[in-house]
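Hi everyone, thanks for making time. Have a look at the structure on the screen, and I'll walk you through what I found in it.

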Amino acid sequence: MKRLKNNRFVRGLYFALRRSFCHSKKSFGHLSDNVMLTPPLWLGNPKNIFIYDDVGIGMNAVISAINAKFICKGHCAIAEHFTVHTGNHVHVPGKFITGITEANKPAGYDKDVTVEEDVWIGCNVTLLSGVTIGRGCTVAAGAVVAKSMPPYTIVAGVPAKPIKMKWSIDEILEHERALYPEHERLSRKYLEELFETITMCQSK
């Protein structure tokens, strides 16, 4: 038994399985009671991971939050093979890329990634450092999101961009009235400006 416990392969397999399948609630920055995380999954520094009410994340998620936070604000459905990187690689003159570590990397390259409420994220989506996914968004399967996305947009592509609004202005306002207190709702003026911006981007 001792030889088995000291075997490098067995120990490596044990810790890999433990990291993929066993995460206690207290290891997270925040994890609400009604969150569903489907193993296997890999979490880099769970203390920087904050997941709020009514969130489901499918199997094979990779959330790397070594020096910055991943925040999912609630009521989100996230499909399998979800990847988050709050960090960024950097090139430093005089150093090979493999010689740059967390200890000697210049500051400012790691930034929080935030998913607002009521977001649907399809399978095989990657969110990169510093992005915010606005509430009510739908992120299409396979998207690689390198820039923040406005609320209630359908987001797709590599690199991802908003391709259209999810609903009409009146539908969004009705949805907001049903779910959010008045002081948290998006205004008609904001939505009209957003629709105009998305329409202009589509015409280019």
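Let's begin with Ser32, which sits in the loop between strand 1 (30-31) and strand 2. When I say helix or strand, I mean DSSP runs, H or I of at least four residues for helices and E of at least two for strands, numbered from the N terminus. Is Ser32 buried or exposed? Its relative accessibility is 9%, so Ser32 counts as buried; the classes are buried under 20% relative accessible area, exposed over 50% and partly exposed in between, with a 1.4 Å probe and protein chains only. Leaving aside neighbours within four places in sequence, Ser32 is in contact with Ile51, Tyr52 and Asp53, where contact means heavy atoms within 4.5 Å. With Asp53 there is also a side-chain polar contact of 3.1 Å. A polar contact here is a pair of N or O atoms within 3.5 Å; within protein, one must be able to donate a hydrogen and the other to accept it, and residues adjacent in sequence count only if both atoms are side-chain atoms.

Before going further, a word on the source. This is a predicted model, so local features need pLDDT of at least 70 and side-chain atom pairs count only at pLDDT 80 or more, while totals for chains, interfaces and linings use all residues. Residues are numbered from 1 along each chain as its sequence is written, and side-chain values use heavy atoms, with hydrogens and water left out.

How confident is the predictor? The mean pLDDT of the protein is 89, and 88% of its residues reach 70 or more; pLDDT is the predictor's confidence in each residue, from 0 to 100. Residues 10-18 are where I'd ask you to look with care: their pLDDT is below 50, and beyond near neighbours in sequence this stretch has four contacts in the model.

Now the overall picture. The protein has four helices and 17 strands, and buried residues make up 37% of its 204 residues.

On to the sheets. Strands of a sheet pair through backbone hydrogen bonds, either parallel or antiparallel. For pairing I use DSSP, with at least two bridges between two strands. One open sheet has seven strands in the order 2-5-8-11-14-16-17, with mixed pairing. Strand 2 (36-37) and strand 17 stand at its edges with a single partner strand each, so one side of each has no neighbour in the sheet. Inside this sheet, strand 8 (residues 76-78) and strand 11 (residues 120-121) run parallel, joined by two bridges, and Ile78 stands opposite Ile121. Strand 16 (residues 153-157) and strand 17 (residues 160-165) run antiparallel, with five bridges, and form a hairpin with two residues between them. Val155 has Pro162 as its bridge partner there. In the loop of that hairpin lies Pro159, and the peptide bond between Val158 and Pro159 is cis, with omega about -5°.

A second open sheet has five strands in the order 3-6-9-12-15, with parallel pairing. Its edge strands are strand 3 and strand 15 (144-145), each pairing on one side only. Between strand 12 (residues 126-127) and strand 15 there are two bridges, one of which pairs Thr126 with Val144.

What about the interior? The largest nonpolar core has 33 residues, and Phe70, Leu127 and Val145 have the most contacts inside it. Such a core is a set of buried Ala, Val, Leu, Ile, Met, Phe, Trp, Tyr and Cys residues joined through side-chain atoms within 4.5 Å. Apart from it lies another core of 11 residues, among them Ile172, Tyr180, Leu191 and Leu194. Back at Phe70, the residues it touches more than four places away in sequence include Ile49, Phe82 and Val115.

And the cysteines? A search of the whole structure finds zero disulfides, a disulfide being a pair of cysteine sulfur atoms within 2.5 Å. Cys76 is in none, and its nearest cysteine sulfur, that of Cys72, is 3.9 Å away. Why is Cys137 without a bond? Its closest cysteine sulfur, in Cys76, is 10.0 Å away, which is too far. Cys76 is buried at 3% relative accessible area, and Cys137 is buried at 0%.

Last, some backbone details. His81, in the loop between strand 8 and strand 9 (83-85), has phi near 60°, a positive value in a residue other than glycine. Asp118, in the loop between strand 10 and strand 11, also has a positive phi, about 65°.
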